[in-house]
4 protein chains.
Amino acid sequence: MSMSMRKIVADLHAELVRYNLVVWTAGNVSGRVPGEDLFVIKPSGVSYDELTPENMVVCDLDGNLVEGEHSPSSDTAAHAYVYRNMPDVGGVVHTHSTYASAWAARGEAIPCVLTAMADEFGGEIPLGPFALIGDDSIGQGIVETLKGHRSKAVLMQNHGVFSIGKDPKAAVKAAVMCEDVARTVHVARQLGEPLPIPQDDIDRLYDRYQNVYGQRSPR
Amino acid sequence: MSMSMRKIVADLHAELVRYNLVVWTAGNVSGRVPGEDLFVIKPSGVSYDELTPENMVVCDLDGNLVEGEHSPSSDTAAHAYVYRNMPDVGGVVHTHSTYASAWAARGEAIPCVLTAMADEFGGEIPLGPFALIGDDSIGQGIVETLKGHRSKAVLMQNHGVFSIGKDPKAAVKAAVMCEDVARTVHVARQLGEPLPIPQDDIDRLYDRYQNVYGQRSPR
Amino acid sequence: MSMSMRKIVADLHAELVRYNLVVWTAGNVSGRVPGEDLFVIKPSGVSYDELTPENMVVCDLDGNLVEGEHSPSSDTAAHAYVYRNMPDVGGVVHTHSTYASAWAARGEAIPCVLTAMADEFGGEIPLGPFALIGDDSIGQGIVETLKGHRSKAVLMQNHGVFSIGKDPKAAVKAAVMCEDVARTVHVARQLGEPLPIPQDDIDRLYDRYQNVYGQRSPR
Amino acid sequence: MSMSMRKIVADLHAELVRYNLVVWTAGNVSGRVPGEDLFVIKPSGVSYDELTPENMVVCDLDGNLVEGEHSPSSDTAAHAYVYRNMPDVGGVVHTHSTYASAWAARGEAIPCVLTAMADEFGGEIPLGPFALIGDDSIGQGIVETLKGHRSKAVLMQNHGVFSIGKDPKAAVKAAVMCEDVARTVHVARQLGEPLPIPQDDIDRLYDRYQNVYGQRSPR
């Protein structure tokens, strides 16, 4: 396998640190290996300072270790389930970021009251079920919640956030934006009710952002 | 066109990062080119780490791309509208900074209960309308709210903040101070009502700060 | 005595700084010297920037200075009491981290409403008594609260946090995770009641994390 | 005049930045020149990155510029008043740090509900009057509030914090600790009432900390 996905995944963990989405070793990024039934993921319990392309772990889509000297992340089964069941997903991120996890601890979806949420998530950030680690429960909860939903992030009850994307960078962006809007909407609600955005305005914002924003086409 | 405004605008984005006003690529600075009907603005969707004088974009006052290999910020139309309609404005900044955006999500102006607010903004930081991206709505909302107002910052409902200044640095300062007072007044109100400052004291503070503070005249 | 425990203890203070658990000089790490009735601790009132293996202080288990040119931390008696009475403890950390200290100021234990709390602490983070510095009161409060409890951290009323571990790094991890969950549960409760996690699920999570997580066994 | 107090004052501003007590240029440190009726203070409106021993400003105790090419801080009159009227004070710090300023905006003293507050401040952090900049009103408010009070910090209503110390470093420490306890007590009160600490325990803690803590006497 080429080194490039190992490097991409290793490097992207620095974004979780930069945006304060993780403490100690509690969060992980994975990326599907293009053209193969494999994904690269963080080794379990290794600190972010020590991550290198070399110590990343490669697993098959059942979460079995294929390559690497370390044990894979304890969240590997959830990542694997997503890759098996959502073929368009090329990257998965998991964090316990503070504000998103606080919404998850109360079992509440984050309402769409910011244009930036409409842009990125196309509506609310939904709540997934309470699920224990150790089997496919978490993965099933993620997939059932996100399938057919515009949002690329799901709050897992009493747990934290999983986000997905076409590649690992897009999944990291969704994790960063999820915590940002989780915090802003939380702060807004501390002193009253945020104003709703009408659904057709949410639709227009989402549609525009997905098709116009950034440097997609040369001009 | 001289390189200097490109460099000023590129460099000032680091202040948005330093003061935690932005995540990912969600915020932008622009600066009017002295003596020309042009302004320099951030390219769309490019990360703050990668900004250089060379990849800044130059637009005319209708927001059309004049110079640069990247697409301009998706907020370019709003910046252009401000430059067209407020000839004294030399810099514009847009962010989704957390506390200011939280006031905006509730649709509330920030009351002037801090001497630092009286100094910098001369009173409350006002609320502008809800407006969709894609035409002149946002620019009109900014200009109608700020014209004839002492405040150099406006909270756009459910969206974020726009700030203006005689040059890009002054607009960045207004963005930084806006988030700072948005946070302090929010925190104050979490545990009760802040004490009001009488209007004539606000007037005196504003007048003094605009005329005495800093290193304006040699002594 | 070998230099290694001095270096480990000196270096771990950087983690308290990195995770914003301390300001100025208000927090300390200690580590038991393997095979000896001694522990290494921070010197009193010395800033984190200036800590080196050489200026660490060595004390006996009664808290008497054995080696070092500086006075030991003013919290030395509490650390010593823990080492005397909990022979499996190899590291102790004390901080006034904001959110944990806020729970302590109200005299409330932190309820277990996050899977990460169940993993690391096996349930709530308990409250210890109000105790004055100057004799064994603080040490007794720590030991009486933590003995027979799964939690490796205790909130000392109106004071701050003490955490323990098999070695200093494990105690620092407990201090970091304690503040992280103290903050997340606080934020959750600001807008309503977090959902409880059933006790048998807490038990399963704790059991799994203590036995499966990380890189403990080669594979 | 020796360079040393210029360097001390210039360098200590980095601590205001490190502990997030200031944004832009809104905060200042001064230090009395030993043996002379002079003090060194920050120049007005100069950013923290650009402060050097050379661009510090020297004033007499009436606040008149004695040495330096820049205008002195706009808060110079308040610093000067303190030095004139509190001969034991060797350093003064002013900030608009968020949590302390929030208490000041509501016009509330910070109650002593943390042992760290008892240690450093010997009780509550008191509230001073609302006062306008431009004459001796702020200085008088500081001195009248702090004279005969154990606290080395005062919350000036609707404004921010002033702190004092035997030297500039002690005044900076008081500013850092003031914001730290302002934040912790705020967070505690968000979810209920913090438990009071009995006055005689506050007295014991204060007495011990002032006489025992740190590296004051060689041993």
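How much area is buried between chain A and chain B, and what percentage of it do carbon and sulfur atoms give? In this predicted model, the two chains bury about 3000 Å² between them, and carbon and sulfur atoms give 60% of that area.

## Where chains A and B meet

Let's stay with this interface for a moment. On one side are 34 residues of chain A, in contact with 32 residues of chain B. The polar side of the story comprises 9 residue pairs in polar contact, both members at pLDDT 80 or more. Four helices of chain A, namely α1 (4–18), α4 (115–121), α6 and α7 (199–212), each supply at least two residues of the side that touches chain B. Of these, α6(A) provides the largest share, with 11 residues. Sorted by character, the residues on this side of chain A are 16 nonpolar, 7 polar and 11 charged.

The rule also finds 1 salt bridge across the interface. Its partners are R18(A) and D49(B), whose side chains meet at 2.7 Å, N to O.

## R18(A) and its second partner

R18(A) also has a salt bridge within its own chain, to E15(A), at 3.1 Å from N to O. Both residues belong to helix α1 of chain A, and because they are 3 residues apart there, about one helical turn separates them. Is each partner buried or partly exposed? R18(A) is partly exposed, with a relative accessible area of 40%, whereas E15(A) counts as buried at 17%.

## An enclosed helix in chain B

Helix α3 of chain B (residues 98–106) is a good place to look next. All of it is covered: 9 of its 9 residues are buried, so the rest of the structure largely encloses this helix. Among the buried residues are Y99(B), W103(B) and R106(B).

What do these residues pack against? The surroundings come from two chains: α6 (168–190) of chain A takes part, together with β6 (127–128), β7 (153–156), β8 (160–165) and α6 (168–190) of chain B. After the helix comes G107(B), with a positive phi near 70°.

Elsewhere in chain B, K173(B) and E120(B) form a salt bridge at 3.3 Å, N to O. K173(B) lies in helix α6 and E120(B) in helix α4 (residues 115–121), so this pair ties together parts that are 53 residues apart in sequence. K173(B) is buried, at 15% relative accessible area, and E120(B) is buried too, at 9%.

## Helix α1 of chain C

In chain C, helix α1 (residues 4–18) has 15 residues and reaches 22 Å from first to last C-alpha, close to the expected 21 Å. Its buried residues are M5(C), R6(C), V9(C), A10(C), L12(C), H13(C), E15(C) and L16(C). Their cover includes the strands β1 (27–32), β2 (38–41), β3 (57–60), β4 (65–67) and β5 (91–95), along with helix α6 (168–190), in chain C. Just after the helix, N20(C) has a positive phi of about 55°.

This helix holds a salt bridge between D11(C) and K7(C), with the closest N and O atoms 2.7 Å apart. Because D11(C) and K7(C) are 4 residues apart in α1, about one helical turn separates them. Each is partly exposed, D11(C) at 39% relative accessibility and K7(C) at 44%. In chain A, salt bridges with shared partners join R106(A), E108(A), R189(A) and E193(A) into one network.

## The wider count

Side chains of opposite charge can pair when their charged atoms come close. Over all chains, a search of the whole structure finds 60 salt bridges.

Note on methods: Residues numbered from 1 in each chain as written. Chains lettered and ligands numbered in written order. Heavy atoms only, no water. Buried < 20%, exposed > 50% of the residue type's maximum accessible area, 1.4 Å probe, protein only. Contact = heavy atoms within 4.5 Å. Buried area = accessible area lost by both parts, 1.4 Å probe. Salt bridge = Lys/Arg side-chain N within 4 Å of Asp/Glu carboxyl O. Polar contact = N/O pair within 3.5 Å; in protein donor to acceptor, adjacent residues only side chain to side chain. Nonpolar A, V, L, I, M, F, W, Y, C, P; charged D, E, K, R; others polar. Expected span 1.5 Å × (residues − 1).
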